[in-house]
There are 2 protein chains.
Amino acid sequence: MLTNFTFDELEIGQTASYEKTLTEREIILFAAASGDTNPIHMDEEYANGTPFGGRIAHGIWTASLISAAIANVMPGPGSIYLGQTLKFSRPVKIGDTITIQLEVTEKNEKRKRVSIQCSGSNQDGKQIISGVAEVQAPTEKLSLDTPVLPSIDIADS
Amino acid sequence: MLTNFTFDELEIGQTASYEKTLTEREIILFAAASGDTNPIHMDEEYANGTPFGGRIAHGIWTASLISAAIANVMPGPGSIYLGQTLKFSRPVKIGDTITIQLEVTEKNEKRKRVSIQCSGSNQDGKQIISGVAEVQAPTEKLSLDTPVLPSIDIADS
């Protein structure tokens, strides 16, 4: 189930987290969804010769984990995403596990909006992304079944 | 082929664009890549009862089109994505065609960085996303084969 926090339930300092590991599968799905097939993400041989020394995740893939944390964890369903700042600090490589940390830093009572400090770090505790999200918080309590995705098959390349 | 613009080739006022149409396929692939299966994206019945009146794209999907435009068009391969601000103005629905417009607004000669104004509009000319990207521009001219994605099959749900 996906259960939200309404605007009234959210408190300054409230935190939430979300974790996901990058595999080749996420890179391919993200490339297909966005159309961004840049060889730094797709081509191991090319990527090995760059300063990154290997394939890296799309920066916006990491941002999508922030969005997932907001949409599904805090505030959760019924949130409307208004804006986001992003700073990309370090690359994310296949096998890295990214933990997104959210913290409510401001509440606008009149407009029912919250500011959320967002930070993502890898399994070594190094920050790879940070920024601030602006969210219209839900005013109605919701508890919804988590939709199940259809199965997705990626052909061997 | 993907051909880049080096820092020296980029001029203030230079523009580029990138276009993509949202289908259910992009929504499913993006949900799988990010883990964001919020029913506003996945569940037609639920989404019909919200103020959006139907399923909408993940906001960050639209941001991923900005990223694709930077990575593959201008400056193109060799760019390093440093930061991005995003304002989400309107929802994107299945069938909408989004055109991303990029314009170079600042060049930092010393650090070889550029600021790029980013704007995305739908087929009715309405702005749906805007922001500013900070990019480390490539200094070496590159012309690379566009990687080909493996085929991806989504099971009927």
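Is Ala31(B) buried or exposed? Select Ala31(B) and take a look: at 1% relative accessibility, Ala31(B) is buried. (Buried means under 20% relative accessible area, exposed over 50%, and partly exposed in between, with a 1.4 Å probe and protein chains only.)

Before we go on, a word on what you have open: this is a predicted model, where local features need pLDDT of at least 70, side-chain atom pairs count only at pLDDT 80 or more, and totals for chains, interfaces and linings use all residues. Residues are numbered from 1 along each chain as its sequence is written, chains are lettered from A and ligands numbered from 1 in the order in which they are written, and side-chain values use heavy atoms, with hydrogens and water left out.

**Stop 1: around Ala31(B)**

Stay on Ala31(B), which sits in helix α1 (residues 24-34) of chain B. Helices (H or I, at least four residues) and strands (E, at least two) are DSSP runs, numbered from the N terminus. Now show the neighbours: leaving aside residues up to four places away in sequence, Ala31(B) touches Asp36(B), Thr37(B), Met42(B) and His58(B), plus Leu149(A) from chain A. Contact here means heavy atoms within 4.5 Å. For a distance to try out, pick the C-alpha atoms of Ala31(B) and Leu65(B): they are 15 Å apart, with their positions 34 residues apart along the chain.

**Stop 2: where two helices cross**

Next, select α1(A) together with α4(B). Their axes are 9 Å apart and the helices pack at an angle of about 85°, which makes α1(A) roughly perpendicular to α4(B). The axes are lines fitted to C-alpha atoms, for helices over the stretch in contact, and angles run from 0 to 180 degrees between N-to-C directions. Under 35 degrees counts as roughly parallel, over 145 as roughly antiparallel, 65 to 115 as roughly perpendicular and the rest as oblique.

Which residues of α1(A) and α4(B) make the contact? Light up Phe30(A), Ala33(A) and Ser34(A) on α1(A), then Trp61(B), Ser64(B), Leu65(B) and Ala68(B) on α4(B). Sorted by type, the residues of this contact are 5 nonpolar, 2 polar and no charged. (Ala, Val, Leu, Ile, Met, Phe, Trp, Tyr, Cys and Pro count as nonpolar, Asp, Glu, Lys and Arg as charged, and the others, Gly among them, as polar.)

**Stop 3: the two copies**

Zoom out to see both chains. A turn of 180° and a shift of 0.0 Å along the axis lay chain A on chain B with an RMSD of 0.0 Å. The two copies are thus related as by a two-fold rotation axis. Copies are superposed by least squares on the C-alpha atoms of residues with pLDDT of at least 70 in both. To find the axis, select Thr85(A): of the residues of chain A, its C-alpha comes closest to the axis, at 2.2 Å. The same surface serves both copies, since 98% of the contact residues of chain A recur in chain B.

**Stop 4: charged pairs**

How many salt bridges does a search of the whole structure find? There are 6 over all chains. A salt bridge is a side-chain nitrogen of Lys or Arg within 4 Å of a carboxyl oxygen of Asp or Glu. Side chains of opposite charge can pair when their charged atoms come close.

Start with Lys141(A) and Glu9(A), whose closest N and O atoms are 2.9 Å apart. Lys141(A) is in the loop between β6 (127-136) and β7 (143-144) of chain A, and Glu9(A) in the loop between β1 (2-3) and β2 (15-21), 132 residues apart. Lys141(A) is partly exposed at 45%, and Glu9(A) is partly exposed at 34%.

Switch to chain B and select Glu9(B) and Lys141(B): their side chains meet in a salt bridge of 2.9 Å, N to O.

Then pick Arg55(A) and Glu24(A), another salt bridge, with the closest N and O atoms 2.9 Å apart. Arg55(A) lies in the loop between α3 (44-48) and α4 (59-72) of chain A and Glu24(A) in helix α1, so the pair ties together parts 31 residues apart in sequence. Arg55(A) is buried at 10% relative accessibility, whereas Glu24(A) is partly exposed at 38%.

**Stop 5: backbone details**

Select Met74(A) and Pro75(A): the peptide bond from Met74(A) to Pro75(A) is cis, with omega near 0°. Pro75(A) lies in the loop between α4 and β3 (80-88) of chain A. In chain B, the bond from Met74(B) to Pro75(B) is cis too.

Finish at Lys112(A), which has a positive phi of about 55° although it is not a glycine. Lys112(A) is in the loop between β4 (97-108) and β5 (113-121) of chain A.
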